[in-house]
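Okay, thanks everyone, let's get going. Have a look at the sequence and the fold on the screen, and I'll talk you through a few places in it.

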Amino acid sequence: ADVTSGGECIHVSFNAPHAPHNLPPPANEPPGVTYPGRSRYSDLFRHLDWRLGQLVRAAIAADYVVLLACDNGTSGEGKGSLAEIGVHTPVFAWGRDVASGTSERLVSAVDLWSTVRQLRGVESFTSPDSLSFASDLLASGESLASRPRSLLRVDSFPSYGVAPDQATWRRAVRTVRWKLVELPDAEASEATRALYALRTDPEERRNLLAEELSAEARSALDELTAALRA
């Protein structure tokens, strides 16, 4: 959309590939392709890729900024857990004046609200919970700069619509470099805790709390513990 004069926002949601893994159309999407059904998951991804390609090309031709995001990781590969492979998903952007490259900026799904508002030229685009990341998207984004997030929180509990039970509350908080996780443990009086250095241990295999902490790790633990208790 036009960054300075406003415009419209179009939101499109795709449910595929997702259970129950229905077959895509039998032929011609993309043209000439048929789906034998040997791997419905792969077939759905192939069809989704083609549909997204059509949509992105049309949107760019119409001078939109396109943002592509998803909500969580894949079943059997972190989905439902607090692991980064389950809760850390990429955001892709295309369009006129969109800068090439990547950013380590911490972004939450709720930040899409302020970002879209700023891209549309709305003057009052920020909120206490939603922080625009438009400045990281555009090559000329200096004038759009807004306060980045210093940390992200993830909470998981089996009950919805009621206050979470402390005994089942699974929590994590992270900065760009560090992550603290607290999981309920039925066999212990206190939650199981883990601290990870994400830049050197992105797969979260080494719990630093199981060893002597460096001064830097201790400082990160204190900061994240305070954030988790806030």
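So, to start: which residue does Arg 199 form a salt bridge with? The partner is Glu 104, and the closest N and O atoms are 2.9 Å apart. Before I go further, please keep in mind that this is a predicted model. Now, where do those two sit? Arg 199 is in the loop between strand S6, residues 192–197, and helix H5, residues 215–229. Glu 104 is in the loop between S2 and H3, and with the two positions 95 residues apart, the pair links distant parts of the chain. As for the surface, both Arg 199 and Glu 104 are exposed.

Let's stay with salt bridges for a bit. A search of the whole structure turns up 16 of them. Here's one at helix H1: Glu 29 pairs with Arg 51, with 3.1 Å between the closest N and O atoms. Glu 29 belongs to the segment before H1, while Arg 51 is in H1 itself, 22 residues away, so to speak another link between distant parts of the chain. Glu 29 counts as buried, with 18% relative accessibility, whereas Arg 51 is partly exposed at 32%.

Next one: the side chains of Arg 96 and Asp 63 meet in a salt bridge, 2.8 Å from N to O. Arg 96 comes from the loop between S2 and H3, and Asp 63 from the loop between H1 and S1, 33 residues apart. Arg 96 is partly exposed, at 43% relative accessible area, and Asp 63 is partly exposed at 32%. And there's a network too: salt bridges link Glu 84, Arg 174, Lys 179 and Glu 204.

Back to that loop between S6 and H5, please, and find Leu 208. Is Leu 208 buried or exposed? Buried, with a relative accessible area of 10%. Leaving aside neighbours within four places in sequence, Leu 208 is in contact with Trp 178, Leu 195, Tyr 196, Ala 197, Leu 213 and Ala 217. Take Tyr 196 from that list: it is twelve residues from Leu 208 in sequence, and the two C-alpha atoms are 6.1 Å apart in space.

On to helix H3, residues 111–119. Its buried residues are Asp 111, Ser 114, Thr 115, Gln 118 and Leu 119. Looking down the axis of H3, those buried residues fall within an arc of 135°, so they line one face of the helix. What do the buried residues of H3 pack against? Strand S1, residues 66–69, and helix H4, residues 134–137. After H3 comes Gly 121, which has a positive phi, near 90°.

On the other side of H3 in sequence, look at Val 110, in the loop between strand S2, residues 91–94, and H3. Val 110 counts as partly exposed, with 43% relative accessibility. Setting aside neighbours within four places in sequence, Val 110 is in contact with Asp 129, Ser 130 and Arg 149. His 18, by contrast, is 92 residues from Val 110 along the chain, and 23 Å separates their C-alpha atoms.

Now a bit of surface. Which residues make the nonpolar surface patch of about 360 Å²? Those are Ile 10, Val 12, Phe 14 and Leu 55. Leu 55 lies in helix H1, residues 40–61, and is partly exposed, at 38% relative accessibility.

Last stop, the cysteines. How many disulfides does the count come to? Zero. And why is there no bond for Cys 9? The closest cysteine sulfur is the one in Cys 70, and at 18 Å from the sulfur of Cys 9 it is too far for a bond; the cut-off for a disulfide is 2.5 Å between the sulfurs. From the other end it reads the same way: Cys 70 is in no disulfide, and its nearest cysteine sulfur is that of Cys 9. In terms of accessibility, Cys 9 is partly exposed at 46%, and Cys 70 is partly exposed at 43%.

That's my tour, so over to you for questions.

Terms used. Residues are numbered from 1 along each chain as its sequence is written. This is a predicted model: local features need pLDDT of at least 70, side-chain atom pairs count only at pLDDT 80 or more; totals for chains, interfaces and linings use all residues. Side-chain values use heavy atoms; hydrogens and water are left out. Buried means under 20% relative accessible area, exposed over 50%, partly exposed in between (1.4 Å probe, protein chains only). Helices (H or I, at least four residues) and strands (E, at least two) are DSSP runs, numbered from the N terminus. The arc is that of the directions from the helix axis to the C-beta atoms. Contact means heavy atoms within 4.5 Å. Patches are made of residues with over 30% relative accessible area and no salt bridge: like charges are joined within 9 Å, nonpolar side chains (Val, Leu, Ile, Met, Phe, Trp, Tyr) within 5 Å. Accessible areas come from the Shrake-Rupley method with a 1.4 Å probe; for residues, only the protein chains shown count as cover. A salt bridge is a side-chain nitrogen of Lys or Arg within 4 Å of a carboxyl oxygen of Asp or Glu.
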